[in-house]
Amino acid sequence: MLLLKLFVTFFKIGLFSFGGGYGMLSVIQGEVVTRYSWLTMSEFTDIVAISQMTPGPIGINSATYVGYTAMNNAYGSLPLAVLGSLTASLAVMLPSLVLMLIISRYLMKYSKSAGVNAVFRTLRPAVVGLIASAALLLMSAENYGTFADEPLRFCVSVLITIVAFIAMRRKVSPILILVASGVFGALFYGFLQ
Amino acid sequence: MTDASLFKLFATFSKIGLFTIGGGYAMIPLIERDVVERNGWVAKEDFLDLLAVAQSAPGVFAVNIAIFIGYKLRGARGAVAASLGSVLPSVVCILLIALFFHSFRHYKVVEHIFWGLRPAVVALIAAPVFSVARSAKITRTTVWIPILAALLIVAFGVSPIYIIVCAGVAGYFYGKIKGRV
């Protein structure tokens with residue numbers, strides 16, 4: 001049953017995501033796009049863009065959106081779609097809540113123990129790899145067009161990535177970068193037609 | 001220290017959730033202002049410890065902070081009230097977008113906007129690779145870890161969850177061998 005699958009998947013995402021929103025992105029991508037195909041790579045990209053411009057953490061935003069879209073695609077019913085989004089959002093929070101209630105008393109000690117230190121010594125570098133993989137997987141034909149079919153869109157897209165990357169390194173606000181590239185897309189491709 | 005009723009916890013974290021745009025880390029200054037300065041629920045030094053714990057626990061960073069503070073003030077019910085409050089604005093907002101996005105997304109202008117947005121999203125995710133790498137203190141002896149992790153995911157379709165589990169377990173046993181644990 002899809003609802004149960006959504007619950008289990010987002011519970012897993014909540015349990016195995018370390019290292020903040022960007023690290024989590026890769027885990028979500030692995031489950032939601034690669035494994036279950038609930039979203040296409042470009043739908044996933046869109047939800048990341050939307051997440052950056054709306055309130056709240058990416059983990060919750062994508063859970064809500066994926067729950068809605070997966071149920072809507074399967075059943076085409078609004079109440080079920082809303083149920084799906086609530087289920088996924090609660091499931092992604094649940095591991096943190098349970099963990100907190102069980103080990104709260106040890107948590108402060110736990111975070112400084114030698115064992116946890118040893119785990120994070122390799123986990124942190126791995127999360128860097130996860131973030132890199134998320135970015136690499138998004139460099140897809142869906143998101144850029146292909147050089148053979150749409151050479152102009154492909155070149156413009158590559159240029160946008162380069163400019164946005166430089167802007168990010170210079171601490172320009174991500175929201176500003178997204179708004180600018182969205183407006184640019186609307187104007188540039190609009191005028192072409 | 002002001003009274004921390006369940007409703008007050010819920011309302012405070014909904015407000016924080018509503019005004020943070022751009023992900024979990026953008027929430028920290030807002031949480032600090034409301035929780036430490038305005039309400040005096042947590043002392044400044046404790047807040048830094050709490051951030052460290054929230055960061056090393058799995059899951060959504062901002063939700064973890066809400067859970068810790070809610071729990072500290074009002075026990076299990078406080079944790080539930082604060083965490084539900086922190087996600088309410090984003091759930092409502094994304095639900096509204098999901099409702100209308102399906103009917104809008106086939107308009108030409110919406111498609112053009114996303115043609116511009118998608119390549120920028122790639123840069124948004126690629127840029128933190130370098131800043132996170134710096135804060136993860138990657139050295140010449142550990143640089144193979146992120147490279148191998150990314151290669152396994154991109155080229156061989158390995159699930160990031162396995163990478164997380166393996167990296168954690170390997171780190172623990174390596175620590176044991178080295179006598180650190």
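Select chain A and begin with its contacts: of those with a separation of 6 or more, 59% are made by residues 24 or more positions apart. Keep in mind throughout that this is a predicted model.

With chain A still selected, switch to a cartoon view and follow the chain from the N terminus, where the elements run α-α-α-α-α-α-α-α-α, which comes to nine helices and zero strands. If you show the C-alpha trace alone, it spans about 60 × 45 × 30 Å along its principal axes. Now turn on the surface of chain A, which exposes about 8,200 Å², with carbon and sulfur atoms supplying 72% of that area. Of the 193 residues in this chain, 55% are buried. Colouring the charges adds another view of chain A, in which the mean positions of the 12 positive and 6 negative charges are 25 Å apart.

Next, select A:N61, which you will find in helix α4 of chain A, the helix made of residues 58–75. Is A:N61 buried or exposed? A:N61 counts as buried because its relative accessibility is 0%, and the cut-off for buried is under 20%. To see what is in contact with A:N61, leave aside its neighbours within four places in sequence and display A:I47, A:S51, A:T54, A:P55 and A:G56, together with B:S90 and B:I94 from chain B.

Those two residues lead across to chain B, where the next stop is helix α2, residues 28–38. Which residues of this helix are buried? They are B:I28, B:L30, B:I31, B:E32, B:D34, B:V35 and B:V36. To look at what covers these buried residues, add α1 (6–19), α3 (44–56) and α4 of chain B, which are included in that cover. Then move on to B:G40, which follows α2(B) and has a positive phi, near 60°.

For the last stop, return to the surface and select A:L78 with B:L88, B:V92, B:L96, B:L99, B:F100, B:F104, B:Y107 and B:V109, which make a nonpolar surface patch of about 820 Å². Helix α4 of chain B, residues 61–104, gives the largest share of this patch, with six residues. Pick out B:L99, which lies in that helix α4 of chain B. B:L99 is classed as partly exposed because its relative accessible area is 33%, a value to be read against the limits of under 20% for buried and over 50% for exposed.

Key
Residues numbered from 1 in each chain as written. Chains lettered and ligands numbered in written order. Predicted model: local features only at pLDDT ≥ 70, side-chain atom pairs only at ≥ 80, totals over all residues. Heavy atoms only, no water. Patch = residues over 30% accessible without salt bridge, like charges linked within 9 Å, V, L, I, M, F, W, Y side chains within 5 Å. Areas by Shrake-Rupley, 256 points an atom, 1.4 Å probe, with all protein chains shown as cover. Salt bridge = Lys/Arg side-chain N within 4 Å of Asp/Glu carboxyl O. Helix = DSSP H or I, 4+ residues; strand = E, 2+ residues; numbered from the N terminus. Buried < 20%, exposed > 50% of the residue type's maximum accessible area, 1.4 Å probe, protein only. Contact = heavy atoms within 4.5 Å. Lys, Arg positive; Asp, Glu negative; His and termini not counted. Charge placed at Lys NZ, Arg CZ, Asp CG, Glu CD.
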